[in-house]
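Please work through the exercises below with the sequence and the structure open beside you. Try each task on your own before you read its solution.

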Amino acid sequence: MSSKGRDLKDEVKFPVQAVIAAHAFAFAGCVGGVSFFDMQLPTTLQHLLEPVGVAAGTAVVMEITRLFVLGLLSARWRDRIAHMRFKAPLPGSWAFSKIAAEDYRVDLEALRSEYGPLPADPVEQNRLFYRMSKAVGDDPGVCNAHKSYLAARDIAVICWLALIPLSMAAFILAPRSNGAAIYAAGLALVAIAASVITRNYGVRFVQNVLAAVTAAPSISRPASSEVLSCT
């Protein structure tokens, strides 16, 4: 693995950990019954400190879950969960049939002149997109979009996998059932929003790659024909 690949994964790790911390404190607040209404400042501070132990424990569990679950799940399954699509979930699978036409920077004729007829099959689209992405991988716009997509994808996976167990735990442990219901609904909304954000970042990643290739139509073609699998 290249040092660039390691750096990208390290940068992606921190946003995921921040989301895990947010989940931990939200769960602690639900279980601990923390409320910010009708409190004096000293009381507020006291009530905020009480669930810290629960939050810390939950964060440890979720960090372990992140390491094991994201390690056990293949990149393809992570994409399936994050995009809520079983078949051809990778954004590169729709690079030429759908995404390219939505960006004015992309010149499909220039791409055809450089790479030949553009495929319509999702698998073949992703193969060709992978070749293009490897050729312009050092472009800052491509690198930043790739990083944002990977972070959003892993965050969406964590949100979906946390939905059922944390909701059930909240209903069991929370002192008030209405608070648990609100918390569970919030988890569902966050998971849906995370999937939408993942799709948007995936589209942006594809568009930035195609735009970079369009800007340098004489770029040499990489020899690799592997299917893109963001890990």
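**Exercise 1. The chain as a whole**

How much area does the chain expose, and what share of it do carbon and sulfur atoms supply? Then describe the helices and strands of the chain.

Solution. Keep in mind from the start that this is a predicted model. The chain exposes about 12,400 Å², and carbon and sulfur atoms supply 63% of that area. Turning to the secondary structure, we count 9 helices and 0 strands, and reading along the sequence gives the pattern α-α-α-α-α-α-α-α-α. Of the 231 residues in the chain, 41% are buried. As a last step, take the contacts between residues at least 6 apart in sequence: 81% of them join residues at least 24 apart.

**Exercise 2. A patch on the surface**

Which residues make the nonpolar surface patch of about 460 Å², and is Phe68 buried or exposed?

Solution. The patch is made by Ile64, Leu67, Phe68 and Leu72. Phe68 belongs to helix H3, which covers residues 52-72. Its relative accessible area is 55%, and because exposed means over 50%, Phe68 counts as exposed.

**Exercise 3. Two residues with positive phi**

Where in the chain is Met84 found, and where is Ala88? Compare their phi values and their accessibility with the background.

Solution. Begin with the background, which is that most residues other than glycine have a negative phi. Met84 has a phi near 55 degrees, a positive value, although this residue is not a glycine. For Ala88, which is not a glycine either, phi is positive as well, at about 50 degrees. Met84 sits in the loop between helix H4 (75-83) and helix H5 (95-99), and Ala88 is also placed in the loop between H4 and H5. For the accessibility, recall that buried means under 20%: Ala88, with a relative accessible area of 15%, is therefore buried, whereas Met84, with 44%, is partly exposed.

**Exercise 4. The nonpolar cores**

Which members of the largest nonpolar core touch the most other members, and which helix gives the most to this core?

Solution. The largest nonpolar core has 20 residues, and those that touch the most other members are Phe96, Leu111, Phe129, Met132, Val209, Leu210 and Val213. At least two residues of this core come from each of H5, helix H6 (108-115), helix H7 (122-135), helix H8 (140-173) and helix H9 (177-215), and H9 gives the most, with 6 residues. Another core, of 12 residues, lies apart from this one, and its members include Ile155, Ile158, Cys159 and Ala191. To look at one member of the largest core in detail, leave out residues up to four places away in sequence; the residues that Phe96 touches then include Leu111, Phe129, Met132 and Leu210.

**Exercise 5. Aromatic pairs**

How many aromatic pairs does a search of the whole structure find? Classify the pair of Trp77 and Phe86 and the pair of Tyr149 and Phe205 by their geometry.

Solution. The search finds 3 aromatic pairs. The ring centres of Trp77 and Phe86 are 5.7 Å apart and the planes stand at 70 degrees, so this pair is edge-to-face. The ring centres of Tyr149 and Phe205 are 6.5 Å apart with the planes at 15 degrees, so that pair is stacked. Tyr149 lies in helix H8 and Phe205 in helix H9, so the stacked pair ties together parts that are 56 residues apart in sequence. Tyr149 counts as buried at 0% relative accessibility, and Phe205 counts as buried at 2%. Ring pairs also link Phe129, Tyr149 and Phe205 into a cluster.

**Exercise 6. A network of salt bridges**

Which residues are joined into one network by salt bridges that share partners?

Solution. In the whole structure, 6 salt bridges are found. One of them joins Asp154 and Arg78, whose closest N and O atoms are 3.7 Å apart. Asp154 lies in helix H8 and Arg78 in helix H4, so this pair ties together parts that are 76 residues apart in sequence, and both residues are buried. Asp154 also meets Arg153 in a salt bridge, at 3.3 Å from N to O. Arg153 is buried too, with a relative accessible area of 0%. Through shared partners, the salt bridges join Arg78, Asp79, Arg153 and Asp154 into one network.

How values were computed: Residues numbered from 1 in each chain as written. Predicted model: local features only at pLDDT ≥ 70, side-chain atom pairs only at ≥ 80, totals over all residues. Heavy atoms only, no water. Patch = residues over 30% accessible without salt bridge, like charges linked within 9 Å, V, L, I, M, F, W, Y side chains within 5 Å. Areas by Shrake-Rupley, 256 points an atom, 1.4 Å probe, with all protein chains shown as cover. Salt bridge = Lys/Arg side-chain N within 4 Å of Asp/Glu carboxyl O. Helix = DSSP H or I, 4+ residues; strand = E, 2+ residues; numbered from the N terminus. Buried < 20%, exposed > 50% of the residue type's maximum accessible area, 1.4 Å probe, protein only. Contact = heavy atoms within 4.5 Å. Core = buried A, V, L, I, M, F, W, Y, C linked by side-chain atoms within 4.5 Å. Phe/Tyr/Trp six-rings, centres within 6.5 Å; stacked < 30°, edge-to-face > 60°.
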